[in-house]
Amino acid sequence: MTATEETREARAYLLRVAEPPAQALTRFVNRHGPIHAMERIQADETPEPVRAETEARRHLNQAAEDLAKAAEAGATLLTPEDEAWPAWPFAALDLARARGATWAGQPIALWQKGKVNLATATDKAVAIIGARAATAYGEHTATELSHALIAAGVTVVSGAAYGIDGAAHRGAIAAGGPTIAVLGCGIDVPYPAGHAALLDRVAETGAVL
């Protein structure tokens, strides 16, 4: 299953329309679908909680531009309609939200650089994260642990930061990957800048999100 271009453009719009975590918007999209949700938001025909999250940006539609910029950066927009969407791992976020975690919930979509199938790659995965100002011993341990996990058929997920995160990615790459880097910035922005080459290598074997 693959999302239609219309669905992908709708989700690109929805990514910009509210600051996450936007739980009212997420529930609205899940209930009505991305295209109908976008149309109702643009027409200002939404319940008050959704309006409160989207009012400031509902007139801003840069979906086509964002998709084009992503393509220039070698990235695509992965959506819940795509077969590669990691629905099973993300189910834990729905469970957390049901239990009162106000920050939790599945993302509306993900910008992805790298051709690994995210659903398959995260079927068995472990996150290794830690201090940026790590000790040499800490970085060594993270590298060795990551290398061993890859050898055991487990994907390593981290955040590409200096210190433990970078060591985890390097250990995974040395073992042949795959590894996944989850960034808190745009897909066209290598962050931290000092890890630009590392992020390129991550994308070769796994994915940058």
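Me: What share of the 209 residues in the protein is buried?

Reply: Buried residues make up 44% of the 209 residues, and I should say at once that this is a predicted model. The complementary view is the surface, where the protein exposes about 10,800 Å², of which carbon and sulfur atoms supply 56%.

Me: How should the radius of gyration of the protein be read, and what would a compact globule with 209 residues have?

Reply: The value is set against a rule for a compact globule, which for 209 residues gives a radius of gyration near 17 Å; the protein has 18 Å, and this agrees with the rule. Along the principal axes, the C-alpha atoms fill a box of roughly 55 × 40 × 35 Å.

Me: How many helices and strands does the secondary structure come to, and what percentage of contacts between residues at least 6 apart in sequence join residues at least 24 apart?

Reply: There are 10 helices and 6 strands in the protein. Of the contacts between residues at least 6 apart in sequence, 69% join residues at least 24 apart.

Me: How do I read a strand, and which residues lie on the two sides of strand 4?

Reply: In general, side chains of a regular strand alternate between the two faces of the sheet. In strand 4, residues 155-158, Thr-155 and Val-157 are on one side while Val-156 and Ser-158 are on the other, and since all of them are buried, with under 20% relative accessible area, both faces are covered. Strand 4 runs parallel to strand 3 (residues 125-127), to which 3 bridges join it, and Val-126 stands opposite Val-156.

Me: Which residues of helix 2 are buried, and what covers them?

Reply: The general idea is that an α-helix has 3.6 residues a turn, so residues three or four places apart point the same way. In helix 2 (residues 23-32), the buried residues are Gln-23, Ala-24, Leu-25, Thr-26, Phe-28 and Val-29. Their cover includes helix 1 (5-17), helix 3 (34-42), helix 4 (48-54) and helix 6 (87-98). After helix 2 comes Gly-33, which has a positive phi, near 85°.

Me: Where is Pro-190 found, and why is Pro-190 called partly exposed?

Reply: Pro-190 lies in the loop between strand 5 (179-181) and helix 10 (196-205). Its relative accessible area is 38%, and it is therefore partly exposed, because that class lies between the 20% and 50% cut-offs. Leaving aside residues up to four places away in sequence, Pro-190 touches Ala-196 and Leu-199.

Methods. Residues numbered from 1 in each chain as written. Predicted model: local features only at pLDDT ≥ 70, side-chain atom pairs only at ≥ 80, totals over all residues. Heavy atoms only, no water. Helix = DSSP H or I, 4+ residues; strand = E, 2+ residues; numbered from the N terminus. Buried < 20%, exposed > 50% of the residue type's maximum accessible area, 1.4 Å probe, protein only. Contact = heavy atoms within 4.5 Å. Rg over C-alpha atoms; globule rule 2.2 N^0.38 Å. Areas by Shrake-Rupley, 256 points an atom, 1.4 Å probe, with all protein chains shown as cover. Pairing = 2+ DSSP bridges.
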